[in-house]
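Hi there,

Here is the structure I promised to pass on. Have a look, and then read on for what turned up in it.

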Amino acid sequence: RTLDLKREKEVIQTEKKALVDSINYAKRIQTALLPSQQKIEEHLGENFILFLPKDIVSGDFYWVETSGDWVLFAGCDCTGHGVPGALISILCINALSRAVNEYGLVKPSLILDKVAEIIVDSLGISGEVKDGMEASLCAFNRKTRELYWSGANCPLWIAREGAVYELMEFKPDKQPIGQVV
């Protein structure tokens, strides 16, 4: 009996190691899809990103893209955590990039509408599947200094420094991307 338990333990440990190794490799892929700190600084200047995934891979991500004078950037939270969330995040990163690069969109609300369409088409979402993301998406024009924003169930906070610090919150649309609420 003890020998059987020892063999079963070894099998479980081997399978666990293979699974964790696979997830760690997936983290390398997911990290490669995130914009580098250098790219972000190049387009947005001084900044910081607080990115603390709950699991090895994550359904949360940040995204930056440029189009002409526009810098587009977003913070997003996809359905699920861990591996399922990471798979949806890859789909959503691709959809955001396609909306800008393939469809030529720079207005945040139009980008999120197109992303919703791409996600629904990609996942074949029917009434029973609830995969998608919440997003806060900004478009900043480097020449005119205009900032446009749209949120899919994810607000925008702007902190301003003056005589006193001011924190402004802008409420999002309550509809997440890809889900029917």
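Is Ile29 buried, partly exposed or exposed? At 41% relative accessibility, Ile29 counts as partly exposed, because buried means under 20% relative accessible area, exposed over 50% and partly exposed in between (1.4 Å probe, protein chains only).

Before the rest, please note that this is a predicted model, in which local features need pLDDT of at least 70, side-chain atom pairs count only at pLDDT 80 or more, and totals for chains, interfaces and linings use all residues. Residues are numbered from 1 along each chain as its sequence is written, and side-chain values use heavy atoms, leaving out hydrogens and water.

Ile29 sits in helix 1 (helices are DSSP runs of H or I with at least four residues, strands runs of E with at least two, numbered from the N terminus). Together with Tyr25, Leu33 and Ile90, Ile29 makes a nonpolar surface patch of about 350 Å². Such patches take residues with over 30% relative accessible area and no salt bridge (a side-chain nitrogen of Lys or Arg within 4 Å of a carboxyl oxygen of Asp or Glu), joining nonpolar side chains (Val, Leu, Ile, Met, Phe, Trp, Tyr) within 5 Å and like charges within 9 Å; areas come from the Shrake-Rupley method with a 1.4 Å probe, and for residues only the protein chains shown count as cover. Helix 1 (residues 2-33) gives the most to this patch, with three residues.

Then there is the sheet: four strands, open, in the order 1-2-3-4 with antiparallel pairing (two strands pair if DSSP finds at least two bridges between them). Strand 1 (60-67) and strand 4 (147-152) are the edge strands, each pairing on one side only. Six bridges join strand 3 (residues 133-141) to strand 4, and Leu137 stands opposite Ser150 in strand 4.

Best wishes
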